[in-house]
Amino acid sequence: MTTYTVGEIAKIIHVSSYTLRYYDKEGLLPFSKRDAAGRRIFDDKDLELFGVINCLKRTGMPVKEIGNFVKLYMAGDETLSERKIIFEKQKEVARKQLEEIQGIYDYLNYVCWFLGKAQEAGTVDIKYSLQEKDVPEELRAIKARYDAMHISKLE
């Protein structure tokens, strides 16, 4: 079985060694073992759990809640339903994050189009004369949301 050091795990899952030491301090790594020199070592099964921990952290789950998940994981198969509930909740969190990021991307896409048009016209004042038919169909809903957002701030 392959073993990994803290530094190797950090490189594999794209976090710092400091982050992994923090996780250990916070109790997220009760599965870690030590070699003869006292250094933490991990195996392939641990690497899989690191992937899960990293995923949960990237969804914004607090370290304490991740610690609770790790405890459930360490308890074994009798906690499968509780772990599934945790993942269903985080899946919903990720779906909301995805919607938010999609909205940001859509807005950036619209602004890039608009700025191209403003460059062609030599002024951003074209926004006052833009008609719906001037905006590409796939950007119209985005422009409408953007315009509504700005109008509501004026009221």
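Contact here means heavy atoms within 4.5 Å. With that in hand, let us walk through this predicted model, starting close to the N terminus.

Helix 1 is a good place to begin. Its buried residues are Val6, Ile9, Ala10 and Ile13. Because these four span an arc of only 105 degrees around the axis, they lie on the same side of helix 1. What lies over them? The cover includes strand 1 (3-5), helix 2, strand 3 (40-43) and helix 3. Just past the end of helix 1, have a look at His14, which takes a positive phi of about 60 degrees.

Now turn to Leu20, a useful residue from which to look around. Setting aside neighbours within four places in sequence, Leu20 is in contact with Val6, Ile9, Ala10 and Ile13 among others, and these four are the buried residues of helix 1 that we have just met. The other contacts of Leu20 are Val15, Leu29 and Phe50.

Leu20 also leads us into the largest nonpolar core, which has 23 residues. Leu20, Leu29, Phe31, Phe50 and Ile53 are the members that touch the most others. Which elements give two or more residues to this core? They are helix 1 (6-13), helix 2 (17-25), helix 3 and helix 4. Helix 4 gives the most, with five residues. A second core, separate from this one, has nine residues, and Tyr110, Phe114, Ile126 and Leu130 are among them.

Helix 4 deserves a closer look, so to speak, from both of its partners. On one hand there is helix 3 (residues 44-58), which packs with helix 4 (residues 63-75) at an angle of about 145 degrees, the axes being 10 Å apart. This crossing is right-handed. Helix 3 brings Lys45, Leu49, Val52, Ile53, Leu56 and Lys57 to the contact, while helix 4 brings Val63, Ile66, Phe69, Val70 and Tyr73. Nine of these residues are nonpolar, two are charged and none is polar. Ile53, in this contact, is also one of the core members with the most partners.

On the other hand there is helix 5 (residues 80-121), whose axis comes within 10 Å of that of helix 4, crossing at roughly 145 degrees. Is this crossing left-handed or right-handed? Helix 4 passes helix 5 in a left-handed crossing. Here Glu65, Phe69, Leu72 and Tyr73 of helix 4 meet Glu82, Arg83, Ile86, Phe87 and Lys89 of helix 5. This contact divides into five nonpolar and four charged residues, with no polar ones. Phe69 and Tyr73 take part in the contact with helix 5 and also in that with helix 3.

Terms used:
Residues numbered from 1 in each chain as written. Predicted model: local features only at pLDDT ≥ 70, side-chain atom pairs only at ≥ 80, totals over all residues. Heavy atoms only, no water. Axes fitted to C-alpha atoms, helices over the stretch in contact; angles between N-to-C directions. Left-handed = near helix turned anticlockwise from the far one by under 90°. Nonpolar A, V, L, I, M, F, W, Y, C, P; charged D, E, K, R; others polar. Core = buried A, V, L, I, M, F, W, Y, C linked by side-chain atoms within 4.5 Å. Buried < 20%, exposed > 50% of the residue type's maximum accessible area, 1.4 Å probe, protein only. Arc of directions from axis to C-beta.
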